Structure formats: structure tokens, C-alpha cells
Amino acid sequence: MEQQKRTKISKKGIETKILRQIGGSVILVLLLIEIVSVCMVGWLFFSSKKAELTQESNAAANQLTGFLEQYTKSVEQLAVNPEIRQVLAETKPGDYMMDAEKADTAMENLIGIANTDTENVLSAWMSDLDTSALVQSDGYISDGSWDITGRGWYGCIETGETILTEPYLDSSTGKMILSAACPVFDEAGTVLGAVGMDISLDHMTDIMREYKIGRSGYILLLSENGTFLYHPESDIIQKNIKDVNISENAMNAVLSGTNRFLAYQVDGQTKYGSLKTAGDTGYLVLSCLPFGEYYATLVLMVIALMLIFAVGILLIAIRIKKSARNLTKPILELNHTAQQLADGNLDVQLVITTEDEIGDLGNSFQKTVSRLKEYIAYIDETAEVLSRIADGKLSIDLQHDYAGEFRKIKTALLNISASMNQVMLGINESSERVSAGASELASASQILAEGAETQAAAVEQLAATANTVTDQVENSLRETETSAKATAQATAMIEENQEKMKQMMNAMNKIQETSQKVVGIIQTIEEIASQTNLLSLNASIEAARAGDAGRGFAVVADEIGKLALESSKAASTTKELIEISMEEINKGNTIAVGAMDSLKESVAVVGKVNDMIQGTAENAVVQAESMKQIRIGIEEIAHGIQDNSAASQETSATSEELASQADALNKMVQRFELCK
């Protein structure tokens with residue numbers, strides 16, 4: 001059962017690998033081909049649809065252009081009609097146009113050209129610019145309230161070119177019409193008026209209605225300003241494109257008159273179409289195809305391609321799976337035979353009928369099985385010889401003449417017998433020698449262990465002494481460090497006092513400088529007082545000369561003189577006091593300098609003491625470190641001696657064990673029957 005399970009697992013694995021490796025590559029290539037095909041089909045489809053919509057728009061635009069151009073050419077012919085030009089030239093402001101000499105003939109021309117296409121032409125007309133009057137072929141003649149400038153076709157007079165007006169509703173017929181108008185010039189090039197034709201849009205809408213694109217596509221007709229002239233929905237006709245729910249891109253394209261292919265939205269539904277202008281008429285044609293119909297053919301083609309490729313992939317997978325099964329069947333038979341050989345069963349039959357490399361492998365496998373059967377006798381004898389050697393009988397005798405690679409086995413067995421015989425003899429001799437040497441080694445190890453124990457006791461006592469000395473050195477080190485810290489603090493305090501003394505001297509120097517400045521100011525005040533006194537004296541003299549008129553001024557001058565004398569006395573007194581203060585400040589500076597010098601000497605002395613303590617602390621650190629190294633060295637020596645003692649004891653025990661093992665080895669070697 002286990003064998004069958006392994007076979008099934010192997011079979012499944014091979015089929016899966018073939019299917020994944022070959023089938024996966026084929027499927028990947030097919031998928032790439034499918035993607036490329038879909039892309040190419042899509043490109044061709046979009047190109048064809050775009051071309052179809054563009055052609056429909058072009059065809060409708062060309063037909064519309066041809067329809068309208070016949071009327072623009074007709075009005076241009078009317079504009080050069082001599083009778084009409086004469087009537088318009090003769091009619092002056094206040095005249096009646098039909099009173100002109102050629103009026104009847106001109107009317108006959110209008111009627112004649114209108115009758116050429118009664119289905120589409122409602123009337124032909126001529127209009128005079130001077131009298132703002134109009135005459136139509138149907139007999140209508142404008143009255144005095146009629147204004148030429150208010151007509152939609154008046155632009156032809158302003159531009160001097162033939163135009164088609166925006167469609168409008170004819171009040172008399174109720175039909176949507178447009179006017180083709182052309183200006184009339186005299187021989188000097190002056191505009192006399194205009195001629196034109198009123199054309200019904202029924203035929204144009206019939207033309208647009210006949211165009212069908214697909215099942216539900218259609219053509220839209222718009223004027224130059226974006227007014228719908230034809231739409232399948234009648235309620236949209238005459239509405240401007242700005243008034244319907246259409247996307248901005250379509251609106252901009254129509255209003256700008258740009259020929260282009262569009263994808264636009266109407267009432268939230270996507271449409272596709274091509275916008276085309278109808279020649280120089282100003283009218284536009286827009287094809288319209290709904291989104292669903294636009295993509296319907298493409299979707300069907302893509303689905304068909306996907307189905308074709310899916311069926312192809314399925315057929316390829318089935319074919320690959322069948323081929324893999326046919327390929328793995330002989331391999332499974334070979335695997336089953338190999339499993340039997342692995343279990344030791346050489347009596348097997350293998351039948352492979354395939355005529356390929358697997359068949360050759362099966363034949364070679366069968367030859368190998370036949371050869372293995374011949375080697376059974378060699379294997380049996382080899383097993384018997386090995387059993388004898390396992391029992392300690394090293395003398396062997398091989399009866400069979402081994403062929404092929406088995407000859408090496410025979411040679412190897414004989415060499416093993418001879419080599420083991422020699423090895424056992426050597427082991428016997430060596431074990432006797434080892435036994436004797438082990439006894440001697442055990443005695444020496446016992447003596448060495450006793451000496452090591454004595455050394456260990458002495459080293460332990462030395463280590464205890466070293467620990468005591470180390471503790472004393474460490475205490476001295478801590479006391480030295482404490483003294484160094486105290487002297488450092490004292491040095492810092494003296495330096496701080498020295499700094500404060502410097503600050504006090506700087507303050508006294510600033511006071512001295514300020515006092516000198518004050519003395520200068522007082523001298524200035526004395527000079528001002530002297531000048532004031534002199535001015536007061538001069539003022540008194542001038543007042544005396546003035547007599548009674550200067551008496552009041554003399555009193556003021558006398559008071560100013562007294563004030564100047566008092567200011568001079570006060571300044572002298574202040575100057576004397578400041579000079580006394582400066583003498584005291586100088587004495588204070590002298591005392592401060594002395595104190596400063598004493599602080600400097602104190603700092604120097606304390607610094608020397610601190611350096612000495614620091615040196616002592618550093619020496620104590622070195623001594624403490626040296627004692628630690630001595631203690632560590634003694635401890636290492638003690639450990640080494642203890643280890644040596646333990647090793648000696650172990651060596652003694654090992655020697656005794658070695659001696660006992662040597663005896664046991666001698667007994668084991670004596671089991672073998674050695675060749676003499």
C-alpha cells in the first residue's frame with residue numbers, strides 16, 4: 001500500500017510539472033497572442049467606426065453643401081441681372097420701386113427663378129437700400145414700416161458677400177425657412193440693395209432623416225450659432241445647443257465650427273460622432289451613435305476570441321496531460337522495479353515496450369537485474385567471511401573466483417584479514433607496555449599531588465597577607481583623595497575672593513575716573529560764574545548810564561552777580577570735597593593692591609600644597625593598583641597550584657584506570673585467532 005501511495009505521488013508530480021512547465025508556457029504565449037489580437041481588433045474596430053462616422057458626416061455635409069450652393073449661385077446670378085440692377089439704381093428715397101422702368105421685367109425674372117424649384121423655394125425677392133423696400137415673387141410688396149436693417153440677411157450688405165441666414169419661422173406658411181442673400185452693386189461698386197431666395201428646410205431635414213447609422217444612429221443638423229435644425233426628437237428642433245443637456249466638449253466644438261471626432265454625452269448617455277462643417281455655408285453636421293451600439297461589435301468579437309482561445313487552451317491542456325500520462329507509465333514501472341531491488345528482491349521481471357529512450361533505459365535496467373542475480377553467490381560468501389571476522393577469526397579462505405568489480409571485494413577482504421592480524425599483534429605488545437608505564441605514571445602523579453597541596457597552603461597564607469596590605473593602601477588612598485578635594489575647595493574660594501577684589505578695584509577706578517570728570521565740570525561751572533559776574537558788572541555800568549530808565553535792570557544785574565559769586569563758592573567747596581575723596585580713594589586703592597598681592601601669594605602657596613597632595617594621591621593610586629596586581633598574581637598562583645594538585649590527582653587516577661584498561665585490552669586481543 002505504501003509503495004502504491006509513493007507511486008501515485010510520483011505520477012502526480014511528473015504530470016503536474018509537465019503541465020505547468022510546457023502547458024504554462026503555451027498558455028502564456030496564447031494569452032499574449034490573445035491580448036495582442038484583442039488590441040489589434042480593438043484598434044481596427046475603433047478606426048473603422050471612426051471612419052464610418054466620419055464618412056457619414058462628410059456625406060451628409062457634402063449633400064447639404066450641394067443643396068445650399070445651388071441657391072447661393074442662383075442669388076449671385078440674380079445679383080448681376082441687369083434689369084434688377086437698373087430697378088435698384090433708379091429707385092431713390094421716396095420713390096415706389098415698382099414704378100421703375102424695368103420693374104415688371106425684374107419681377108418676371110424673380111418669378112421665373114422661383115418657379116424653377118417650387119418644392120423648396122418659397123419666394124425670390126429684391127430689396128432697395130435707399131427706400132428700405134422689398135418686392136417678392138409671390139406679389140408681396142413691403143409698406144413704409146418695413147426696415148431693411150432689421151432683416152437677418154442684412155449682413156450681406158454690410159459684408160458685401162453672399163450669406164445664408166439663420167433659420168426662422170415663416171409667418172405666412174408656418175414653415176422653417178432660411179434666406180440666401182447676395183448684395184447688388186452698381187458699376188462703381190456701390191451697394192444698391194440685395195436679392196435673395198427664401199428656402200424651405202423641409203427638404204434639408206428629409207435629407208438628414210434618410211441617414212441611418214447602424215441600428216439606432218442618426219445625423220444632427222445645426223446652424224452656425226448652434227441651433228438644432230434637425231433632430232430625431234422634434235421638441236429639440238429650434239433649440240440652441242446651450243439649452244440642451246450636452247457635454248461641454250461637443251458644445252465648444254459646434255460653436256467653434258471645428259471638424260473633429262467626438263465622444264460626448266447627451267442626458268448622461270455617452271455618444272460617439274464626427275462633426276463636419278457643410279462647406280462655406282456655416283451649417284454643421286454631427287453624426288451620433290450610442291455607446292452600446294458603438295462597442296457592440298467589438299464586445300462580440302472579443303468574446304468570440306476569448307472563447308476560441310479558451311477552447312484552444314483546454315484542448316492543449318488535455319493533450320499535454322494525456323502525453324504526460326503516456327510518458328510516466330513506463331517510468332512508474334521502472335520505479336516499481338527499483339523499489340523491489342531496494343527492498344532486496346532481485347527476482348524481478350521488467351517489460352518495457354516503448355521504442356524510445358525510456359525503452360532503452362528499461363532494457364539496460366533488465367540487464368542490470370540479470371547481472372545482480374549472478375552476484376548473489378559472491379554476496380553470500382562475502383557475508384560468511386565477514387561473520388567469521390566478527391567472531392574474531394581473522395584467518396579466512398575465499399573459494400569463488402570473483403569477476404568484474406567483485407574482484408576488488410576479494411582483494412579488500414584478504415587485505416583486511418592481513419591488516420587486522422598485524423594490528424592485533426601490535427595492539428597486544430603496546431597494551432603490555434602501556435600497562436607498565438601507567439603504573440609508573442600513577443606513582444609519580446601521587447608524589448606530585450602531595451607537593452602541590454603543600455605549595456597551595458603556603459600560597460594561601462601569602463595571599464591573605466597581601467590582602468591586608470592592599471586594604472591599608474586603599475584606606476590611605478581614600479584619605480589622600482579627601483585632602484586633595486579640601487585643598488582644591490580652599491583654592492577655589494581664594495580665587496573667588498581674588499576675583500571679587502579685582503571687581504572692587506575696578507569699581508574704585510571707575511569712581512576715580514567719574515570724580516575727575518566731576519572736577520572738570522566744576523571748573524566749567526567756575527568759569528561760567530566768572531563770566532556771569534563780569535556780565536553782571538557790565539550790566540550795572542550800562543544801567544547807571546541809563547539813569548532812571550535802567551534802574552530796574554541794575555537791580556537784576558546785581559542779583560545775577562550775587563548768584564554768580566555763590567555758585568563760584570559752592571563749586572570751590574565741592575571741588576575741595578572731591579579732592580579729599582580722591583585722596584581717600586587712592587589710599588583705598590593702595591590697600592586693595594596690597595590685599596590683592598597677599599591673595600595671589602596665598603593662591604600660589606595653596607596651589608603648591610594642592611600639587612603636593614595630588615602627587616601623593618597619584619602615588620597612592622599607583623601603589624594601590626600595584627598591590628591589586630600582586631594580590632591577583634598571588635591568587636592566580638594559588639589557583640594554578642590548586643589546579644596542578646587537582647590535575648596530579650586526576651592524573652594518578654587516570655594512570656590507575658589506564659593500567660586497568662590495558663589489562664582489559666590484553667584480554668580482548670586474546671579473543672582473536674592470530675596467524676602465526
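Helix H6 (residues 248-256) lies across strands S7, S9, S10 and S11, running at about 135° to S9; here helices (H or I, at least four residues) and strands (E, at least two) are DSSP runs numbered from the N terminus, and angles run from 0 to 180 degrees between N-to-C directions, with axes being lines fitted to C-alpha atoms, for helices over the stretch in contact. The model is predicted, so local features need pLDDT of at least 70 and side-chain atom pairs count only at pLDDT 80 or more, while totals for chains, interfaces and linings use all residues. Residues are numbered from 1 along each chain as its sequence is written, and side-chain values use heavy atoms, with hydrogens and water left out.

The sheet that H6 lies across deserves a description of its own. Five strands form this open sheet in the order S8-S7-S11-S10-S9, with antiparallel pairing; two strands pair if DSSP finds at least two bridges between them. Strand S8 (228-230) and strand S9 (260-266) stand at the edges and have a single partner strand each, so one side of each is left without a neighbour in the sheet. On average, and with direction ignored, neighbouring strands of this sheet are turned by 35° against each other. Within the sheet, strand S10 (residues 269-277) pairs with strand S11 (residues 284-290) in the antiparallel sense over five bridges, and the bridge partner of Leu 275 in S11 is Leu 286. Helix H5 (residues 202-210) also packs on the sheet, where it touches strand S7 (218-222), S8 and S11, and its direction makes about 75° with that of S8; touching is a contact, meaning heavy atoms within 4.5 Å.

We turn next to another group of strands. Strand S6 (residues 191-200) has nine of its ten residues buried, so it is largely enclosed by the rest of the structure; buried means under 20% relative accessible area, with a 1.4 Å probe and protein chains only. Strand S5 (residues 176-185) is joined to S6 by nine bridges and the two run antiparallel, with Ser 179 standing opposite Asp 198 in S6. These two strands, S5 and S6, form a hairpin with five residues between them, and Gly 189 in the turn has a positive phi of about 90°.

Strand S1 (residues 121-128) is joined to S6 by seven bridges, again with the strands running antiparallel, and Ser 127 stands opposite Ala 194 in S6. S1 is mostly covered, since seven of its eight residues are buried. S1 also pairs with strand S2 (residues 133-136) in the antiparallel sense over four bridges, and in S2 the bridge partner of Ser 127 is Leu 134. The hairpin of S1 and S2 has four residues between the strands, and Ser 132 takes a positive phi near 50° there.

A pair of helices completes the picture. Helix H2 (residues 82-90) and helix H3 (residues 103-115) pack at an angle of about 130°, with their axes 8 Å apart. The contact is made by Glu 83, Ile 84 and Val 87 of H2 together with Ala 103, Thr 105, Ala 106, Asn 109 and Leu 110 of H3.

Key
Buried means under 20% relative accessible area, exposed over 50%, partly exposed in between (1.4 Å probe, protein chains only).
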